[in-house]
Amino acid sequence: MRLHHRYLLLALLLAGFAVAPLLAPGYFLEAHDAPHSLFFLVEFDQAIRDGALVPRWGPDHALGYGYPTFVFYSPLAYYLAEGFHLAGAGITDAVKATYAVGLALSAAGMFLLAGALAGPAAGLVAAVVYAFAPYRFVDMYVRSALAESFALALYPWVLWAFWRLAAAPSRRRVTGAALAYGALLLTHNVTAFLFTPLLGAFALFALWRHGRLRRGRAWASLAAAGALAVALAAFSLIPSLTERRYIAQDQWTRDNYNLSEHFVYLGQLLSPFWGYGYAVPGPDDDMSLQIGLVPLGLGLAGVLLARRDRRTAPAARLFGVAALAYAFLMLSVSGPVWKAAPLLSLAQFPWRLLGVVTLSLALLAGLGARYAGAGRASTAVVLCLLAVAAGLPYAQPQHTPPSTRAEQPVGVIDFELEHTDMRGMTAWAEHMPADSPKVAAYLAGEPLPLAESDVAGAEMQSLRAGGHVQTVLVRLPTAGSVRFHTYYYPGWTATVDGQPVSIRPEGELGVISLDVPAGEHQVSIRFGNTPLRTASNWITLAAVVALFFLALPPGWDHITRYLYANKR
């Protein structure tokens, strides 16, 4: 086995200690977003089983009125979790497996990136420091932020792919860079946008480092990779950016989600405090917002040591500046910067930038290790063990017993009954729902009442309560309107006995209403695409086709022409 492979294997083995708590039975349902991690997958699974290749609607949110959850929430981590679930894993185990894959990917990606910059010993140290940085455990075991945690795993892969592309532009490397960045955009769009300035700076650095700043082909390759990545993510990105006017977006950016209330105090970045509570206004947060003494110490040492090495000094300066810049943006003095870009309010928490700071310091630690030990295995292993020893005490989730209820649609209702501010609203809703006709049925485990009518003597029988399709059998003595207990939102369509009919929002909550003639009829509503979503899907499909042809080996077109000529 080559030394390079031995170091990579060691990095993965050590990272295994960080995910070992996931092997315990149960989950950690007291973590902030732990219920979300489960019931988001429940909602996602319902849509997939309803035939939606691109899930967008969460049928059980808002006390059963539904919500366009996956219009705005990037889906890639849940596609992976759904794969585990369809393969036979339970909801909880599928989510835990996704966390484990994410941490393994982060260690492997950081090893490749730091190894490309400074050799395999540097890659080993950087990978382990990144895997055991405190914020990684905050994301996994305190916040249980599945999508964001998986996004952090993709950071080093994106940088590594663009580094290789700048070094030697080729069609396949364009494909690799586009896939990596596209995957990040599809995993957690807010985190991806916050990371993109660093990616831009790193791409320029890579061009300079490889002597390609004046080569048009290199610039074109990087631009093509970025454009293809955005196109690849278009089916999710475009609706998430353009449909914000259809929801009450301010409910997710005010009060507990007001960005200005979540700036970090400098002392918090240095404090070893650990807690499982929430971030609150002021300095008395009950969760850790630390950088980590070992990542910080090794990162600072890396800046000082790497500057003595002409090979690593430029990279050390870049990531040193990046760490400082992103740390500055977490402090209240950076408020004017955030206000200058109103869209940044969707970030909600400036301390999300700890992920980029952690990435930068892990790389600096690897760069410093190269100089300190001249790449010797002994030095690298000692630094790795130091990182593990410092980080392992934080890899301690608050385990809770298994909960079958949390793996069912009623889990959403339990959560929203406890956290009343988490009931989403559309632009047609005048207020947040205080109750719904479905709540009692959810709690009793009975079939959901899907619709009602004001017509005297009307009878309703629920036939199908799917993720994207709902069907009722209606008997009306006279013609009248039928109201589904589902929010109106662009993309919903309706049929009566298979024939399309128009729908409208009605009432204080803006639920779906339609006119139905007298008699017995089968009435269905289906959530599908709008023209813009359809166009977005086509853009993504075009990007997939383009990437497929770019990934083909050189000379494939000659083979195709030869086969076609022989066929004739």
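In this predicted model, valine 496 has its bridge partner in strand 6, namely glutamine 499. That pair belongs to the contact between strand 5 (residues 492-496) and strand 6, which is antiparallel and runs over three bridges. Both strands sit in an open sheet of five strands, ordered 2-3-9-5-6 and paired in the antiparallel sense. Strand 2 and strand 6 (499-501) are the edges here, each with pairing on one side only. From neighbour to neighbour, the strands of this sheet are turned by 25 degrees on average, ignoring direction.

At the other edge of the five-stranded sheet, strand 2 (residues 459-465) is held to strand 3 (residues 469-476) by six bridges, again with the two strands antiparallel. The link between strand 2 and strand 3 is a hairpin, and three residues are all it takes to get across. For a register check, serine 462 is a handy place to start: its bridge partner in strand 3 is valine 472. As a general point on such strands, side chains in a regular strand alternate between the two faces of the sheet.

There is also an open sheet of four strands, and its order reads 1-4-8-7 with antiparallel pairing. Strand 1 (451-453) and strand 7 (504-506) form its edges, each pairing on one side only. The twist in this sheet averages 40 degrees from one strand to the next. At the strand 7 edge, three bridges tie strand 7 to strand 8 (residues 511-516), with the strands running antiparallel. Glutamate 506 finds its bridge partner, valine 511, in strand 8.

Alanine 458 sits between strands of the two sheets, in the loop that leads from strand 1 to strand 2. This alanine counts as partly exposed because its relative accessibility is 26%, and the partly exposed class lies between the 20% and 50% cut-offs. Setting aside residues up to four places away in sequence, alanine 458 touches Ser453, Arg475, Leu476 and Pro477. A little further along the chain comes threonine 478: it lies 20 residues from alanine 458, and the C-alpha atoms of the two are separated by 8.6 Å.

Turning to the helices, helix 9 (residues 171-187) passes a simple length check. With 17 residues at 1.5 Å a residue, helix 9 should span 24 Å, and its end C-alpha atoms are indeed 24 Å apart, so the two values agree. Helix 9 is also largely enclosed by the rest of the structure, because 12 of its 17 residues are buried. Among the buried ones are Val174, Thr175, Ala177 and Ala178, and the list carries on to the end of the helix with Leu184, Leu185, Leu186 and Thr187. As for what does the covering, helix 4 (76-86), helix 8 (146-167), helix 10 (189-209), helix 11 (216-232), helix 12 (234-242) and helix 21 (531-551) are all included.

Threonine 358, found in helix 17 (residues 354-373), is another buried position, and it counts as such because its relative accessibility is 4%. Its contacts, leaving aside neighbours within four places in sequence, are with Tyr130, Ala133 and Tyr135.

Two loop residues stand out for their backbone angles. Leucine 63 has a phi near 55 degrees, which is positive although the residue is not glycine. It lies in the loop between helix 2 and helix 3 (69-72), and with a relative accessible area of 0% it is buried. Serine 144 tells a similar story: its phi is near 55 degrees, again a positive value in a residue other than glycine. The loop in question joins helix 7 (134-142) and helix 8, and serine 144 counts as buried there, at 1% relative accessibility.

Finally, there is some empty space to account for. The second largest pocket holds about 390 Å³. It is lined by 16 residues, of which Leu29, Pro35, Phe415, Glu418 and His419 come closest to its centre. Helix 2 (34-49) and helix 19 (410-418) each supply at least two residues of this lining. Helix 19 gives the most, with four residues.

Technical notes: Residues are numbered from 1 along each chain as its sequence is written. This is a predicted model: local features need pLDDT of at least 70, side-chain atom pairs count only at pLDDT 80 or more; totals for chains, interfaces and linings use all residues. Side-chain values use heavy atoms; hydrogens and water are left out. Two strands pair if DSSP finds at least two bridges between them. Axes are lines fitted to C-alpha atoms, for helices over the stretch in contact, and angles run from 0 to 180 degrees between N-to-C directions. The expected span of a helix is 1.5 Å times one less than its number of residues. Buried means under 20% relative accessible area, exposed over 50%, partly exposed in between (1.4 Å probe, protein chains only). Contact means heavy atoms within 4.5 Å. On a 1 Å grid over the protein atoms alone, a cavity is a set of points where a 1.4 Å probe fits but cannot get out, and a pocket is an open set with protein on both sides within 12 Å along at least five of seven lines; lining residues have an atom within 4 Å of a point. Grid points are joined across faces, edges and corners, and a volume is the space filled by probe spheres set on the points.
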